[in-house]
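Here are my notes on the side-chain contacts, written up as numbered points. Have the structure open while you read, and click through the residues as they come up.

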Protein chains: 2
Amino acid sequence: MGALDDAHYNAVLENGVKLGRCEFEQEPETVAIEDAVKVLLRGLGEDINREGIRKTPLRVAKALREGTRGYKQNVKDIVQGALFPESGLETGVGHAGGAGGLVLVRDLDLFSYCESCLLPFQVKCHVGYIPSGQRVVGLSKLSRVADIFTKRLQDPQRLADDICSGLQNGINPTGVAVVLHCSHIHFPDSHSTFLPTHKRWVNVIVNSGSGSFRKPESTNWVDFFGLLRRPNITLHNIRSKTNNKDSWCPSRANTGPGVSSMDTAVTSIIRSLGQDPCRKELAGTPTRFVKWLMNFKESKLEMKLNGPGLGLGLGLSPLNTAGQVNLKIRSEVNLSLWSLCEHHLLPFYGSVHIGYISSEEASPVLKSLLQSIVHSHGFKLQVQERLTRQIAETVSRVLGGDVIVVVEANHTCMISRGIEKFGSNTGTIAVLGRFSNDPDARAEFLEMIPESS
Amino acid sequence: MGALDDAHYNAVLENGVKLGRCEFEQEPETVAIEDAVKVLLRGLGEDINREGIRKTPLRVAKALREGTRGYKQNVKDIVQGALFPESGLETGVGHAGGAGGLVLVRDLDLFSYCESCLLPFQVKCHVGYIPSGQRVVGLSKLSRVADIFTKRLQDPQRLADDICSGLQNGINPTGVAVVLHCSHIHFPDSHSTFLPTHKRWVNVIVNSGSGSFRKPESTNWVDFFGLLRRPNITLHNIRSKTNNKDSWCPSRANTGPGVSSMDTAVTSIIRSLGQDPCRKELAGTPTRFVKWLMNFKESKLEMKLNGPGLGLGLGLSPLNTAGQVNLKIRSEVNLSLWSLCEHHLLPFYGSVHIGYISSEEASPVLKSLLQSIVHSHGFKLQVQERLTRQIAETVSRVLGGDVIVVVEANHTCMISRGIEKFGSNTGTIAVLGRFSNDPDARAEFLEMIPESS
């Protein structure tokens, strides 16, 4: 629907009526967010006029305003006209609605914004209801209503409760049940990034029920989970509401004072989204966001790479000098990658695979050295193409000229903005030396990358 | 982006400016499609004023116009402003672009409309390019450009070629490679619906290359498939372009004369979408669409159920009469379901699981009888909730009062319209007799449904 309306907008604009997107870009809220993002970029040591990030403030402002559009939407507008009469749905026919019972839509992929740190989090939403009043609601409306509440600054439990009460009030059924499986990226800071125990995601499963699902012990919940049939989601691994007082957000662990001008900028962003920065849950958000962002300050990790302890591998001489025999392709796969997309200030993450050529007798290069190189180029504002090239160039300086680098990454900006391509990911290759002109060498290396990564 | 523009639209409307959605609904093309859909509904024997389908003509018209919006979009609008300078992308650095080589975005979920039968088909899109001119394009634009060409009446090979040339001309890189895995639903007609050999999907993999990917034997393709790493997609299982003269569309097999007033209505729809109904590929489309649609004419299969040969099970007396002992829950799971959503005239399909109670000594009910009941209620305009209830009621008449029915279905309308929830599906339950008031019986049955279905 949206895109067609876009087309109309453009038609309207062509007719000389100055409405729509152009006006939106000039709205004071958008401009205020842009100004705040410029403060953040300067705080990261960036030149805000650099071509790659020149439009980043506008992109971030649009993404945030679109990502919180739910504050301006309401359930009645969506469900009205989508309630259809169905006979045989009297509640009197029997328990569970009798014939015409529970309706469950599973596996809706959505995303929301964490109120504790402003990062998007992924939501796998399962929503059910038991019709009453001889009316059923169009299935897509369950997703659209859920989307209203995901497009706000949220916490998983409140999100579940909002969707539940929104549907209960909007369609007035016998009961509504909502189960959300939420995943929040757990970005390491520059200190914990080398710990192998670092987990990439914080997961939490929450539920909310109203009407006949209000009591957790209702047999309707047994039906719900029986019909849901997701072995990893049961009544027993749902987070208890009484334990919900601690936020799930990994950034909550960050303490310490913030950087004042950047903090003020984030406070201004929250206000421009129509939210009160003094609301209890948002009080520490600016500090947390800035602390997280400062992990990507240019050169923070570069020093580490040149510092003591990691120079170990640097003493290796180039291996592919003339006259050497028994050369073989070696690989180090599944190196962990974290980075920040400079176009949207959103994380991307994945795996890096590095191939190089050395003599059969040489000892393999230390994995920790290659991991350091990946992190040193990851922890800054990046684009995947440049990152791939920079890793290749650095590895080439250390290990000699024959290098191939493959980066496979998931981009949060491909999920949490208009195109919402949840399953997609991006692969890039950089090749130097022999890998540039030997397709067989490239193919041999690509086959070394394990299936599952 | 769309939804925020929606909000603006509403604001505009509230200010008294009559633009946007209301106008769209009154556009002559939309009205013409609505009129044509009314002809189709009448041809199916439906009362077009029935509340459930009263708005179906408008919903179908909006879906079709939105689903073909790509005719009004162009690549330059999307990629301009999203080309970013990146040094180190000179083609001279080496084969495959040297450092800064192939960029591949995998697993973009899209859908398009089959020009042969007007049904949507699913597209898993993999698109790659080798940057040149020291410029890379924003990753999301690869998806947005592909979307322009999917939102048209298409054939897989033309779609791949369109995406490829659109990107080649739009961003002017060293080369573009597109691989599409397309899946077209293969709806059985009322004759073939009982054949166990019927396959649900017609799958085809196609590719298209330009620039350095133009020649199929280019080593760039080896890199592409090496980086793609999808074991089911190789150079060898891609459909050869020379074999592409036969359409992949399963409706192509349908021959015979059409129903004239309905055919004319579909021709009018095609014209309202801005397409020439005389274009070679569209010439037989109205007849094919109508033939497919007529499978869902009310009562077509009902007669079969009451006819000879299927009354076999009807002689069974109700089993749960008082005084009987050793009753057990029996189940028949994974019955095949096909139906047509009456709100959107789009297919939904999946599995039906039926539970009932009989004495341990009784022979199990013939699976073919239950499958007939499912098909008799499936092959008409339906909503899943009503379908579930009707199956339960019919089974109850045949097997006695204690019946539970679970329907699990994928709805094409959840994919091929605005919300595009590719992975979601819907479960519904109807319970009668003992299953209404015995949660343990319901739970026991739900556990009989196999994981994988």
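1. Let's start with an arginine on chain B. Arg158(B) is partly exposed, with a relative accessible area of 24%. Keep in mind throughout that this is a predicted model. The side chain of Arg158(B) meets that of Glu115(B) in a salt bridge, at 2.6 Å from N to O. This one spans some sequence: Glu115(B) is in the loop between strand E2 (103-114) and strand E3 (120-130) of chain B, while Arg158(B) belongs to helix H8 (residues 156-171), 43 residues apart. Unlike its partly exposed partner, Glu115(B) counts as buried, with a relative accessibility of 5%.

2. Chain A has a salt bridge worth a look too. Lys124(A) and Asp109(A) pair up, and their closest N and O atoms are 3.0 Å apart. The lysine is in strand E3 (residues 120-130) of chain A and the aspartate in strand E2 (residues 103-114), so the bridge ties together parts that are 15 residues apart in sequence. How accessible are the two ends? Lys124(A) is partly exposed at 32% relative accessible area, whereas Asp109(A) counts as buried at 19%. That aspartate is a borderline call, because buried means under 20%.

3. Back on chain B, Asp438(B) forms a salt bridge with Arg434(B), with 3.1 Å between the closest N and O atoms. Asp438(B) counts as buried at 18% relative accessibility, and Arg434(B) is partly exposed at 34%.

4. Now for the wider charge picture. How many salt bridges does a search of the whole structure find over all chains? The total comes to 41. Some residues join up in a network of salt bridges: Glu46(A), Arg50(A), Glu342(A) and Arg386(A) are linked there with Glu86(B). Note the chain letters, as this network includes residues of chain A and a glutamate of chain B. As general background, side chains of opposite charge can pair when their charged atoms come close.

5. On to the rings. The count over all chains is 30 aromatic pairs. Take Phe187(A) and Trp292(A): their ring centres are 6.0 Å apart and their planes sit at 80 degrees, so this pair is edge-to-face. The phenylalanine lies in the loop between strand E6 (175-185) and strand E7 (201-211) of chain A, and the tryptophan in helix H10 (residues 285-293), so the contact ties together parts that are 105 residues apart in sequence. Phe187(A) and Trp292(A) are both buried.

6. Chain B offers another edge-to-face pair. Phe213(B) and Phe224(B) have ring centres 6.3 Å apart and planes at 80 degrees, which is why they get that label. Phe213(B) is in the loop between strand E7 (201-211) and helix H9 (219-228) of chain B, Phe224(B) is in helix H9, and the two are 11 residues apart. Both Phe213(B) and Phe224(B) are buried.

7. Which residues form one aromatic cluster with Phe187(A)? The other members are Phe289(A), Trp292(A), Phe296(A), Trp338(A) and Phe379(A). Charges sit over rings as well. On chain A, the charged end of Lys151(A) is over the ring of Phe111(A), 4.1 Å from its centre. On chain B, Arg200(B) places its charged end over the ring of Trp338(B), 4.5 Å from the centre.

8. Next, the nonpolar interior. The largest nonpolar core has 81 residues, and Leu40(A) and Leu180(A) touch the most other members. E2(A) supplies the largest share of this core, 7 residues. Setting aside neighbours within four places in sequence, Leu40(A) is in contact with Met262(A), Ala265(A), Val266(A), Ile269(A), Phe289(A), Val290(A) and Leu293(A). A second, separate core of 79 residues includes Val37(B), Ala61(B), Val136(B) and Leu273(B).

9. Last, the cysteines. The disulfide count over all chains is 0. Cys125(A) is in no disulfide, and the nearest cysteine sulfur, that of Cys182(A), is 8.9 Å away. Cys125(A) counts as buried, at 0% relative accessibility. For Cys341(B), the nearest cysteine sulfur belongs to Cys413(B), at 4.1 Å. That pair does not make the list because a disulfide needs the sulfur atoms within 2.5 Å. Cys341(B) also counts as buried, at 5% relative accessibility.

Notes
Residues are numbered from 1 along each chain as its sequence is written. Chains are lettered from A and ligands numbered from 1 in the order in which they are written. This is a predicted model: local features need pLDDT of at least 70, side-chain atom pairs count only at pLDDT 80 or more; totals for chains, interfaces and linings use all residues. Side-chain values use heavy atoms; hydrogens and water are left out. A salt bridge is a side-chain nitrogen of Lys or Arg within 4 Å of a carboxyl oxygen of Asp or Glu. Helices (H or I, at least four residues) and strands (E, at least two) are DSSP runs, numbered from the N terminus. Buried means under 20% relative accessible area, exposed over 50%, partly exposed in between (1.4 Å probe, protein chains only). Rings of Phe, Tyr and Trp (its six-membered ring) pair if their centres lie within 6.5 Å; planes under 30 degrees apart count as stacked, over 60 as edge-to-face and the rest as tilted. A charge sits over a ring if NZ of Lys or CZ of Arg is within 6 Å of the ring centre and within 35 degrees of the ring normal. A nonpolar core is a set of buried Ala, Val, Leu, Ile, Met, Phe, Trp, Tyr and Cys residues joined through side-chain atoms within 4.5 Å. Contact means heavy atoms within 4.5 Å.
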